[in-house]
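Please open the structure in a viewer and keep the sequence panel visible beside it. The tour below proceeds by selections, each followed by a description of what is found there.

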Amino acid sequence: MEIDGIISALVIGVVIGILGRLVVPGRQRIGVLWTILVGIVAALIGSALASAFGVADTRGVDWVEWLIQIGLAAVGVAALDRSKSGR
């Protein structure tokens, strides 16, 4: 992976993390950095899953890949929030 691919993955991860946080209802008790980290991880895993299902490279916008990534980010934000609230 080249440097431009890493930078774009980070930017997309930030966007995915924010969108994932918006999908989860209620107030989340996690910080912005955790949200960004969850978004980056969700973007990377979501891209791998989309490639595995054959929907990563389509003509135009890859809506299915975005939905997978946002769904994973929402699950990650909810799980992290639930683990933080238990303390």
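Select arginine 82 and display its side chain. Arginine 82 is exposed, because its relative accessible area of 67% lies over the 50% cut-off. The residue belongs to helix H3. The model on display is a predicted one. With arginine 82 still selected, add arginine 59: the two are 23 residues apart in sequence, and their C-alpha atoms lie 38 Å apart in space.

**Helix H3**

Extend the selection to the whole of H3, residues 63-85. How far apart should the ends of a helix of 23 residues be, at 1.5 Å a residue? The expected span is 33 Å, and the end C-alpha atoms of H3 are 32 Å apart, which agrees.

Next, select leucine 67, which is also found in H3. Is leucine 67 buried or exposed? Its relative accessible area is 61%, so leucine 67 counts as exposed. A distance drawn from the C-alpha atom of leucine 67 to that of alanine 42 gives 11 Å, although 25 residues separate the two along the chain.

Move to serine 85, another residue of H3. Serine 85 has a relative accessibility of 38% and therefore counts as partly exposed. Arginine 21 is 64 residues away from serine 85 along the chain, and the C-alpha atoms of the pair are separated by 16 Å.

Now colour the buried residues of H3: Glu65, Gln69, Ile70, Ala73, Ala74, Val77, Leu80 and Asp81. Against which helices do the buried residues of H3 pack? They pack against H1 and H2.

**Helix H2**

Select residues 32-53, which form helix H2. The 22 residues of H2 should span 32 Å at 1.5 Å a residue, and a distance of 31 Å between the end C-alpha atoms agrees with this. Colour Thr35, Val38, Gly39, Ile40, Ala42, Ala43, Gly46 and Ala50, which are buried in H2. The partners of these buried residues are H1 and H3.

For a contrasting selection, choose phenylalanine 53, likewise in H2. Phenylalanine 53 is exposed, with a relative accessible area of 62%. Its C-alpha atom is 20 Å from that of valine 75, a residue 22 positions away in sequence. Then step just past the end of H2 to glycine 54, where phi is positive, at about 80°.

**Where H2 meets H3**

Show H2 and H3 together. Their axes are 8 Å apart, and the two helices pack at an angle of about 140°. That angle makes H2 oblique to H3. The crossing of the pair is right-handed. To see the contact, select Trp34, Val38, Ala42, Ala43, Ile45, Gly46, Ser47, Leu49 and Ala50 on H2, together with Glu65, Ile68, Gln69, Leu72, Ala73, Gly76, Val77, Leu80 and Lys84 on H3. By type, these contact residues comprise 12 nonpolar, 4 polar and 2 charged.

**Where H1 meets H2**

Hide H3 and show helix H1, residues 3-23, alongside H2. The axes of H1 and H2 are 7 Å apart, at an angle of about 110°. H1 is therefore roughly perpendicular to H2. H1 passes H2 in a right-handed crossing. On the H1 side, the contact is made by Ala9, Leu10, Ile12, Gly13, Val14, Ile16, Gly17, Ile18 and Arg21. On the H2 side, select Val32, Thr35, Ile36, Gly39, Ile40, Ala42, Ala43 and Leu44. How do the residues of the contact of H1 with H2 divide into nonpolar, polar and charged? The contact has 12 nonpolar, 4 polar and 1 charged.

**Where H1 meets H3**

Finally, hide H2 and show H1 with H3. Their axes come within 7 Å and cross at roughly 65°. This crossing is right-handed. Select Ile12, Val15, Ile16, Gly17, Leu19, Gly20, Arg21 and Val23 of H1, then Trp66, Gln69, Ile70, Ala73, Ala74 and Val77 of H3, to display the contact. The contact of H1 with H3 is made up of 10 nonpolar, 3 polar and 1 charged.

Conventions. Residues numbered from 1 in each chain as written. Predicted model: local features only at pLDDT ≥ 70, side-chain atom pairs only at ≥ 80, totals over all residues. Heavy atoms only, no water. Axes fitted to C-alpha atoms, helices over the stretch in contact; angles between N-to-C directions. Helix = DSSP H or I, 4+ residues; strand = E, 2+ residues; numbered from the N terminus. Parallel < 35°, antiparallel > 145°, perpendicular 65-115°, else oblique. Left-handed = near helix turned anticlockwise from the far one by under 90°. Contact = heavy atoms within 4.5 Å. Nonpolar A, V, L, I, M, F, W, Y, C, P; charged D, E, K, R; others polar. Buried < 20%, exposed > 50% of the residue type's maximum accessible area, 1.4 Å probe, protein only. Expected span 1.5 Å × (residues − 1).
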